[in-house]
Amino acid sequence: MSRHFYTEARSGLVQILRERGITNEAVLQAFGSVPREQFVSDPFKQRAYEDIALPIDKHQTISQPYTVARMTELLEVKPGHSILEIGTGSGYQAAILAEMGVTVYTIERHFELYNAARSILKELFQGTSIQCRFGDGTIGWSEYAPYDGIIVTAGAPEIPDALLKQLSIGGHLIIPVGSEKSQVMHCVVREDENNYADYPLEDVSFVPLIGKQGWSGI
Ligand code: SAM
């Protein structure tokens, strides 16, 4: 595919996201800049700008663009924020956040995915705006806490306590919670030291969050 094909397709995706109700211009601008084709393998590059989830290695997925945009809007990020992502996967969500001027800390439990995402993110964002970690994200990343926002891109059985503790006051935690097959998206806002407001939103379907404070896995 030519560069022109991808540029046109990227603008088409931004238009689709607008039509589906995404209004945050900074989010739309990031979608217009980040090359999604670089986060999928060759057989899927041609379909990179369709509004669909696509397979990546280790039986995981790069999320549907609309879902990425919706979750990014819910985070209410501002340039300079520090955001923790659980579930790096392809690295695309982390790239969207970095493009918006955010410092991203992202954790992935599959070494192959962590490694592949780290090298593409390093190539696209040469600075220090993205830190990748291999491990269990359900326990968070206490070293850089508290975070202005936390985004979990896999479905949890319940909201991990460790993540609530690592959220700054006023920060948003966006997390799908439910069964291993279907979940409800939650936006949790930390109101003060001890109080959190939990807003359940739309139905979604994510791969399971596997770890100490998630589902048990192999
Ligand atoms: N954000 C990703 C993207 O932009 O491509 C999509 C991620 S995919 C839907 C969910 C990812 O969460 C998978 O790569 C999976 O391995 C990872 N995951 C599941 N449980 C995890 C855990 N406890 N810690 C870190 N990553 C986890």
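Q: Which residue in β8 is the bridge partner of Leu173?
A: This is a predicted model, where local features need pLDDT of at least 70, side-chain atom pairs count only at pLDDT 80 or more, and totals for chains, interfaces and linings use all residues. Residues are numbered from 1 along each chain as its sequence is written, and side-chain values use heavy atoms, without hydrogens and water. Look along β8 (strands are DSSP runs of E, at least two residues, numbered from the N terminus), and Leu173 has as its bridge partner Val188.

Q: How many bridges link β7 and β8?
A: β7 covers residues 167–178 and β8 covers residues 183–190. They pair (at least two DSSP bridges) in the antiparallel sense, and the number of bridges is 7.

Q: Which strands does helix α4 touch?
A: Helix α4 (a DSSP run of H or I, at least four residues) spans residues 65–75 and packs on the sheet. Its direction makes about 150° with that of β7 (N-to-C directions of lines fitted to C-alpha atoms, on a scale from 0 to 180 degrees). Going by contact (heavy atoms within 4.5 Å), it touches β3, β6, β7, β8 and β9.

Q: Which strands stand at the edges of the sheet?
A: The open, mixed sheet has 7 strands in the order β5-β4-β3-β6-β7-β8-β9. Two of them have a single partner strand each, so one side of each is left without a neighbour in the sheet: β5 and β9.

Q: At roughly what angle do the axes of α2 and α5 cross?
A: Helix α2 is residues 25–33 and helix α5 is residues 92–99. Ala30, Phe31 and Ser33 in α2 meet Tyr92, Ile96 and Glu99 in α5. The axes come within 9 Å, and the crossing angle is roughly 120°.
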